Amino acid sequence: MKPVDFELHRPETLSEAIALLAEHGEDGKVLAGGQSLVPLLNFRLARPEHLIDLGRIASLTAIRRTPQRLIIGAMVTHAQAERSVAVAQGAPLMARAFPHIAHQAIRARGTVGGSIAHGDPAAEMTAVAVALEAIMVAVGPRGTREIPARDFFIANLVTALDHDEVLTEVRIVPPAGPTGAAFEEVARRQGDFALVGAGAQVRLAQDGTIADIRICLTGVSATPHRALEAEAVLIGHAISPESTQTAADATRDVLNPSSDLHATADYRRDVAGTLVSRVVKTAVQRATFDTTSAA
Ligand SMILES: Cc1cc2nc3c(=O)[nH]c(=O)nc-3n(C[C@H](O)[C@H](O)[C@H](O)COP(=O)(O)OP(=O)(O)OC[C@H]3O[C@@H](n4cnc5c(N)ncnc54)[C@H](O)[C@@H]3O)c2cc1C
């Protein structure tokens, strides 16, 4: 199918984009990389009369690092962030997640901001944002809002963004100390959205115990899931086969995923526990290597 007719606007500045969104109200929609929106237009599941393309707004394409923050512009593509040293150092879990997003061609167009604004609980970036307690910055006619990830994802494909707001950047506090991260998924085919995905970012204390841990899951609930129960089992301890098994069991105990054509709820729950135990082990190994190489 082809989309219904629309008018394409290509503003050069953020204020022009916000003015266009305000002017066209519910008939206007932001276009980022188009990797989710264009299929929706083609299937006529979305029928905006005005598309406001953010592609010419240079201020949205930068990755910046300050001592306290990693700041990723909303129009930074997955491919750009995947290659960024600032992202690898400031958000190791995010860096590990990029290779799992679709295919290289889609990562070349799709954006970090687009992925987060779309709010798909099966997407890697939404889960990473929740685990890393990212702050989403939204700008609209009523000013600027900083929205913590825990309040941003409201339901499947529903976020706290108002229809006249633009997500401009994502802010993350970089880890302080030896840190390792890992992301793993089970998908039917390479490049598909995963049935279930899990990521972990671990910071170790001097004595090798876990000083900070963030674990997230995709595809198991209506919003991206942070596995707080597994984190609670592991924090403050050195990992062992028993502790990762307990963390896996704790994850399975609280999950209530849906069954669909692709996988049953029981399968998703079981895989989620297994992936949590795997990503924690790998993240700890990488953090240990980090400590050793720093010594
Ligand atoms: C075959 C295929 C496989 C894919 N596999 C995966 C996968 O495995 N994992 C994954 O995470 N994704 C996957 N994707 C989606 C891809 O990652 C997209 O890049 C991403 O979901 C949306 O980013 P985008 O920049 O293309 O946004 P768009 O498609 O342009 O926009 C998506 C939505 O967000 C809104 N939006 C975008 N940017 C902003 C902004 N700055 N402010 C306010 N609203 C905004 C748009 O209005 C629209 O509603 C896949 C896509 C395809 C086509």
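A backbone N or O atom of alanine 102 sits 3.2 Å from an oxygen atom of the ligand. The model is predicted. In it, the protein buries 89% of the 970 Å² that the ligand exposes when taken alone. A nonpolar core of 38 residues, the largest one, lies between domain 2 and domain 3.

**Polar contacts of the ligand**
- For alanine 32, a polar backbone atom is 2.8 Å from an oxygen atom of the ligand.
- For serine 115, the distance from a polar backbone atom to a ligand oxygen atom is 3.4 Å.

**Shell around the ligand**
- The ligand is surrounded by 31 residues, and the closest are Val30, Gln35, Leu37, Thr111 and Glu124.
- By type, the shell holds 15 nonpolar, twelve polar and four charged residues.
- Strand 2 (28-31), helix 7 (112-118) and strand 10 (166-172) are the elements that give two or more residues to this shell.
- Helix 7 provides the largest share, four residues.

**Largest nonpolar core**
- Met94, Ile116 and Met136 touch the most other members of this core.
- Helix 8 (124-131) is among the elements that supply at least two core residues, and its share of six residues is the largest.
- Other elements supplying at least two residues include strand 5 (70-73), helix 5 (92-97), strand 6 (135-140), helix 9 (149-152) and strand 11 (179-186).
- Helix 7 and strand 10 also each supply at least two residues to the core, and both elements give two or more residues to the ligand shell.
- Domain 2 (58-172) and domain 3 (179-294) both contribute residues, so the core lies between them.

Notes: Residues numbered from 1 in each chain as written. Predicted model: local features only at pLDDT ≥ 70, side-chain atom pairs only at ≥ 80, totals over all residues. Heavy atoms only, no water. Near = heavy atom within 4 Å. Polar contact = N/O pair within 3.5 Å; in protein donor to acceptor, adjacent residues only side chain to side chain. Areas by Shrake-Rupley, 256 points an atom, 1.4 Å probe, with all protein chains shown as cover. Nonpolar A, V, L, I, M, F, W, Y, C, P; charged D, E, K, R; others polar. Core = buried A, V, L, I, M, F, W, Y, C linked by side-chain atoms within 4.5 Å. Buried < 20%, exposed > 50% of the residue type's maximum accessible area, 1.4 Å probe, protein only. Domains from an automatic or database assignment.
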